[in-house]
Amino acid sequence: MTRTLRGAIALAGATALCLGAVATSGAVQPGADSARQDVKIGLLLPESKTTRYEKFDRPYIEAKIKELAPDAQIDYYNAAESATTQQQQVNTALAKGDKVLILDAVDAKSIQSSVQKAHDAGVKVVAYDRLAQGPVDSYVSYDNRKVGELQGQALLDALGDKAQSGQIVMHNGSPTDPNAAEFKAGAHSVLDGKVKIGKEYDTPNWDPNNANQQMSGAISALGKDNIVGVYSANDGLAAGIATALKAAGINVPLTGQDAQLDAIQRILLGTQTITIMKPYKPEADIAAQMAVDFAEGKPLPSDLVPTTVTSGSGQKVPANLLTPVVVDKTNIKDTVVKDGLYTVQEICTPTYAAACKEAGLQ
């Protein structure tokens, strides 16, 4: 064999090796892309009567997931207040192959078996806004006891020297929602011993209609002139309560939570005193980050879960608890408008124009 021929063979072999290396290198990248495309997340929200879920939580969570993992598959479910439906939806999500569930439980206790089923299947569960029972992997919400404390203090401040002159009515929210128990405990820690509680209710399903009936019953039982204030755990309940108060010709301090548009408008008119704003985007972004990290097999960084909470079933859960904000007539522009929840135009429709002008919104 000539030297020239041997050189040609060697060159061909080297070229083949190089091509093989390029092919192997090229195969790694599609594999990585495939892993990224395998981000499959189930988003399970509890209901749609409260406007926040469809207007804010869902789009914010989905947008952040897509920002972090553009090829992610997101399977969305809304349980329409049915714990049974949500359990079925978890089964569907698992059957679809979702690797992570972002779960806002309708009923924190009854969903425990579904959380266990997900855990047994190797699927991570991010508890969103409400802490589900069972082996949850992480949790993001607001400091719910603090919410109740802020509501209770705001009611006391609004009552002033009338705090001891009559009775208040308390509407604490759904007994199946662990957050409601924390709101209630926080409010009681401020109000007990400083006001007389004439009637107190847990309101199934956070239903405004139930709150309306409860308030009407309280007015009949206590007498309209004996009611000096009303604690409402959220704005949906406050809507039903405000209708009952108006029908009875009563205008007293009334609390709320969630910074719903109708609540902001009631605050401007003076038929609701405050609401608690829990900015949705930070909470949604954290939940999305947790879910994508889990789906990609990454451990959650300590700054994403800076604390630990204990669930109703006794699990210690890594958590991120955000700080709520009180909204009243004086700071609407600096809270809900500044944060982009609503524009001045959305708030200040003709019905509320005069009140908006008085509050400095127009």
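Two strands pair if DSSP finds at least two bridges between them. Keep that in mind for this tour of a predicted model.

**Stop 1: the 3-stranded sheet**

Select strand 6, residues 167-171, and strand 7, residues 196-201. They run parallel, and 5 bridges join them. Now pick out H171. Which residue of strand 7 stands opposite H171? Y201 does.

Follow the chain onward from strand 6. It passes through helix 6, residues 178-191, before it enters strand 7. This β-α-β crossover is right-handed.

Add strand 8, residues 227-232. Strand 6 is joined to strand 8 by 5 bridges too, and these two run parallel. Colour I168 and G229: I168 stands opposite G229, which lies in strand 8.

Show the three strands together. They form an open sheet in the order 7-6-8, with parallel pairing. Strand 7 and strand 8 stand at the edges with a single partner strand each, so one side of each is left without a neighbour in the sheet. On average, neighbouring strands here are turned by 20° against each other, direction ignored.

Now bring in helix 5, residues 144-159. It packs on this sheet and touches strand 6 and strand 8. The direction of helix 5 makes about 160° with that of strand 8.

While the strands are on screen, look at the side chains. In a regular strand they alternate between the two faces of the sheet.

**Stop 2: helix 7 against helix 8**

Next, select helix 7, residues 208-222, and helix 8, residues 235-247. Two packed helices are described by the angle between their axes and the distance between the axes. For helix 7 and helix 8 the angle is about 40°, and the axes are 7 Å apart. Angles under 35 degrees count as roughly parallel, and 65 to 115 as roughly perpendicular. Helix 7 and helix 8 are therefore oblique to each other. The crossing of helix 7 past helix 8 is right-handed.

Show side chains at the contact. From helix 7, take P208, A211, N212, M215, S216 and I219. From helix 8, take G236, L237, G240, I241, T243, A244 and L245. What classes of residue make up this contact of helix 7 with helix 8? There are 8 nonpolar and 5 polar residues, and no charged ones.

**Stop 3: helix 8 against helix 9**

Keep helix 8 and add helix 9, residues 261-269. The two pack at an angle of about 50°, with their axes 9 Å apart. Helix 8 and helix 9 are therefore oblique to each other. Helix 8 passes helix 9 in a left-handed crossing.

On helix 8, the residues to display are D235, A238, A239 and A242. On helix 9, they are D262, A263 and R266. By class, the contact of helix 8 with helix 9 divides into 4 nonpolar, 3 charged and no polar residues.

**Stop 4: A248**

Click on A248. Where is A248 placed? It sits in the loop between helix 8 and helix 9. Draw a C-alpha to C-alpha distance from A248 to S220: the two are 9.5 Å apart in space and 28 residues apart in sequence. Neighbours within four places in sequence aside, A248 is in contact with I219 and K224. I219 also appears at Stop 2, among the helix 7 residues that meet helix 8.

**Stop 5: the 7-stranded sheet**

Move to the open sheet of 7 strands. Its order is 2-1-3-4-5-11-10, and the pairing is mixed. The edge strands are strand 2 (73-78) and strand 10 (307-310), and each pairs on one side only. Neighbouring strands of this sheet are turned by 25° against each other on average, direction ignored.

Zoom in on strand 1, residues 40-45, and strand 3, residues 100-103. They pair in the parallel sense over 4 bridges. G42 stands opposite L101 in strand 3. Then select helix 3, residues 83-96. Which strands does helix 3 touch as it packs on the sheet? It touches strand 1, strand 2 and strand 3. The direction of helix 3 makes about 165° with that of strand 2.

**Stop 6: helix 3 against helix 4**

Last, add helix 4, residues 112-120. Helix 3 and helix 4 pack at an angle of about 10°, with axes 9 Å apart. That makes helix 3 roughly parallel to helix 4. Display Q87, V90, N91 and L94 in helix 3; they meet S114, K117 and A118 in helix 4. This contact of helix 3 with helix 4 has 3 nonpolar, 3 polar and 1 charged residues.

Definitions and conventions. Residues are numbered from 1 along each chain as its sequence is written. This is a predicted model: local features need pLDDT of at least 70, side-chain atom pairs count only at pLDDT 80 or more; totals for chains, interfaces and linings use all residues. Side-chain values use heavy atoms; hydrogens and water are left out. A crossover is right-handed if, with the strands pointing away from the viewer, the path from the first strand over the helix to the second runs clockwise. Axes are lines fitted to C-alpha atoms, for helices over the stretch in contact, and angles run from 0 to 180 degrees between N-to-C directions. Angles under 35 degrees count as roughly parallel, over 145 as roughly antiparallel, 65 to 115 as roughly perpendicular and the rest as oblique. A crossing is left-handed if the near helix is turned anticlockwise from the far one by less than a right angle, and right-handed if clockwise. Contact means heavy atoms within 4.5 Å. Ala, Val, Leu, Ile, Met, Phe, Trp, Tyr, Cys and Pro count as nonpolar, Asp, Glu, Lys and Arg as charged, and the others, Gly among them, as polar.
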